[in-house]
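Hi,

Here is the structure I said I would pass on. Have a look at it first, and my notes on what turned up follow underneath.

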Amino acid sequence: MKSSYEGRQETIRSWKTPVIETFDNIYPDRDYDITMSIPEFTCVCPKTGLPDFASLELTYTPNKHCLELKSFKEYLLAYRNKGIFHENVINKVLDDIVAVLGPRRARLTGIFNSRGGIQTTVSREFVSSKPHRPARKSR
């Protein structure tokens, strides 16, 4: 039986989105977390075309780079008119963050508003397989 959603999500991994800019982390020798709350994320239901609203929370431990906020906001705004499932939002956004940042760790959670009486929360975590080696201080 063919699903009415079939063929609606295959191109997500190759979507062209605005560039997420970064800046150098001047404390790469320290483990610290950065948390960003995005309370007004919007996308579109891929079946009905109706808007979906969510709060996203990103927490990451930077390595060499940190996210530049304005470009990240512009990146997220690109989803406003995209038909995408909640699960795919979280996976695509975290993939793009990891690709540009190379963080030590990152976790993205999306709390999507109720649709049809069902509220959905989707989370995904990335942990770098590269061991962290603090920079040595010169004496």
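**What I found**

Let me begin with a residue outside the regular elements: threonine 17 sits in the segment before β1 (22-24). Bear in mind throughout that this is a predicted model. Threonine 17 is partly exposed, at a relative accessible area of 25%. Which residues does threonine 17 touch, once its neighbours within four places in sequence are left aside? They are Tyr75, Tyr79, Lys92 and Asp96. Take the pair with tyrosine 75: the two residues are 58 apart in sequence, yet their C-alpha atoms are 6.3 Å apart in space.

**The overall layout**

The protein chain has 2 helices and 6 strands, and going along the sequence you read β-β-β-β-α-α-β-β. It has 139 residues, of which 35% count as buried. If you take contacts between residues at least 6 apart in sequence, 70% of them join residues at least 24 apart.

**Helix α1**

Tyrosine 75 brings us to α1, which spans residues 69-77 and has Ser71, Phe72, Tyr75 and Leu76 buried. These four cover an arc of only 140° around the axis, so they end up on the same side of α1. On the other side of the helix, Leu69, Lys70 and Lys73 are exposed. What do the buried residues of α1 pack against? Their partners are β2 (34-44), β3 (51-61), β4 (65-67) and α2 (86-101).

At the start of α1, have a look at glutamate 68: one of its side-chain oxygens comes to within 3.1 Å of the backbone nitrogen of lysine 70.

Serine 71, also in α1, is worth a click as well. Serine 71 is buried, with 2% relative accessible area, and its side chain reaches the backbone nitrogen of glutamate 21 at 2.8 Å. Leaving aside neighbours within four places in sequence, serine 71 is in contact with Val19, Ile20 and Glu21.

**The nonpolar core**

In soluble globular proteins, nonpolar side chains tend to be buried together. Here the largest nonpolar core has 30 residues, and the ones that touch the most other members are Phe41, Leu58, Tyr60 and Phe72. The elements giving two or more residues to this core are β2, β3, β4, α1, α2 and β5. Which element supplies the largest share? That is α2, with 7 residues.

For tyrosine 60, the list of contacts is long enough to be worth displaying: not counting residues up to four places away in sequence, it includes Tyr32, Ile34, Met36, Cys66, Leu67, Leu101 and Pro103, and also Asp33, His65, Arg105 and Ala106.

**Two hairpins**

β2 and β3 run antiparallel and are joined by 9 bridges. If you want to check the register, threonine 42 has phenylalanine 53 in β3 as its bridge partner. The two strands form a hairpin with 6 residues between them, and glycine 49 in the turn has a positive phi of about 80°.

Further along, β5 (residues 105-115) and β6 (residues 118-127) pair in the antiparallel sense, again over 9 bridges. Isoleucine 111 stands opposite threonine 121 in β6. This hairpin has 2 residues between its strands, and glycine 116 in the turn has a positive phi of about 65°.

**Cysteines**

How many disulfides are there? The count comes to 0. A disulfide is a covalent bond between the sulfur atoms of two cysteines, and the cut-off used for the sulfur pair is 2.5 Å. For cysteine 45, the closest cysteine sulfur is that of cysteine 43, and at 8.7 Å it is too far for a bond. Cysteine 45 is buried, at 4% relative accessibility. Cysteine 66 is buried too, with a relative accessible area of 4%.

**One last loop residue**

Is isoleucine 26, in the loop between β1 and β2, buried or exposed? Isoleucine 26 is exposed, with a relative accessible area of 67%. Its C-alpha atom is separated by 7.9 Å from that of lysine 64, which is 38 residues away along the chain.

Cheers

Definitions and conventions:
Residues numbered from 1 in each chain as written. Heavy atoms only, no water. Buried < 20%, exposed > 50% of the residue type's maximum accessible area, 1.4 Å probe, protein only. Arc of directions from axis to C-beta. Contact = heavy atoms within 4.5 Å. Polar contact = N/O pair within 3.5 Å; in protein donor to acceptor, adjacent residues only side chain to side chain. Pairing = 2+ DSSP bridges. Core = buried A, V, L, I, M, F, W, Y, C linked by side-chain atoms within 4.5 Å.
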